[in-house]
Amino acid sequence: MIGEALRLLRIFNGYKSVELAKKLEISQSYVSEIENNKKQPTMEILDKYANIFDMKKSTLLLFAESLEDDPQMGNDKRKKVALAGMKLLKIHEKVGKLEDE
């Protein structure tokens, strides 16, 4: 789900939810609701996430999709962040190769 992907990106990039909320210009409680899949982010908020994490919105969405069906994603927070980081790097590499073509 998109919320889990956004949460993992925040953690991977070393942001506290309060810090990210300020950058996104939304409340910390709204960040929490998005990350816990209680609310869906708007396209405007996804654009802001993509800008903050220096990626295209399509890359962010591919990352979220790649997490959904991965059986390796357990409940261990460190493992999740590490696996998410590796997935994100692979997606960035693929997108970069496509852009070079």
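**Close-up views of an all-helix model**

Among contacts in the protein between residues at least 6 apart in sequence, 59% join residues at least 24 apart. Keep that in mind as you browse these close-ups of a predicted model.

**Figure 1. The overall layout has 6 helices and 0 strands.** Following the chain along its sequence, you will meet the pattern α-α-α-α-α-α. Of the 101 residues in the protein, 41% are buried. The views below visit some of these buried places.

**Figure 2. V31 sits in helix α3, which covers residues 28–35.** With a relative accessibility of 0%, V31 falls under the 20% limit and therefore counts as buried. Leaving aside residues up to four places away in sequence, the neighbours that V31 touches are S17, A21, L24, I26 and Y49. Have a look at G3 as well: G3 and V31 are 28 residues apart in sequence, yet their C-alpha atoms are 9.0 Å apart in space.

**Figure 3. Helix α4 (residues 43–52) crosses helix α5 (residues 57–68) at roughly 95°.** The two axes come within 9 Å. An angle from 65 to 115 degrees counts as roughly perpendicular, so that is how α4 and α5 lie to each other. On the α4 side, the residues taking part are M43, L46, D47, Y49 and A50, and they meet K57, L60 and L61 of α5. Sorted by class, this contact has 6 nonpolar and 2 charged residues, with no polar ones. Y49 is worth a second glance, since this α4 residue is also among those touched by V31 in the previous view.

**Figure 4. Helix α5 has buried residues at T59, L60, F63, A64 and L67.** These five cover an arc of only 140° around the axis, so they lie on the same side of α5. The length of the helix agrees with expectation too: at 1.5 Å a residue, its 12 residues should span 16 Å, and the end C-alpha atoms are 17 Å apart. L60, one of the buried residues, also belongs to the contact with α4.

**Figure 5. L88 lies in helix α6, made up of residues 77–100.** Its relative accessible area is 7%, under the 20% limit, and so L88 is buried. Apart from residues up to four places away in sequence, L88 touches L9, M55, T59 and F63. T59 and F63 will be familiar as buried residues of α5. Between L88 and F63 there are 6.1 Å from C-alpha to C-alpha, although the two are 25 residues apart in sequence.

Key. Residues are numbered from 1 along each chain as its sequence is written. This is a predicted model: local features need pLDDT of at least 70, side-chain atom pairs count only at pLDDT 80 or more; totals for chains, interfaces and linings use all residues. Side-chain values use heavy atoms; hydrogens and water are left out. Helices (H or I, at least four residues) and strands (E, at least two) are DSSP runs, numbered from the N terminus. Buried means under 20% relative accessible area, exposed over 50%, partly exposed in between (1.4 Å probe, protein chains only). Contact means heavy atoms within 4.5 Å. Axes are lines fitted to C-alpha atoms, for helices over the stretch in contact, and angles run from 0 to 180 degrees between N-to-C directions. Angles under 35 degrees count as roughly parallel, over 145 as roughly antiparallel, 65 to 115 as roughly perpendicular and the rest as oblique. Ala, Val, Leu, Ile, Met, Phe, Trp, Tyr, Cys and Pro count as nonpolar, Asp, Glu, Lys and Arg as charged, and the others, Gly among them, as polar. The expected span of a helix is 1.5 Å times one less than its number of residues. The arc is that of the directions from the helix axis to the C-beta atoms.
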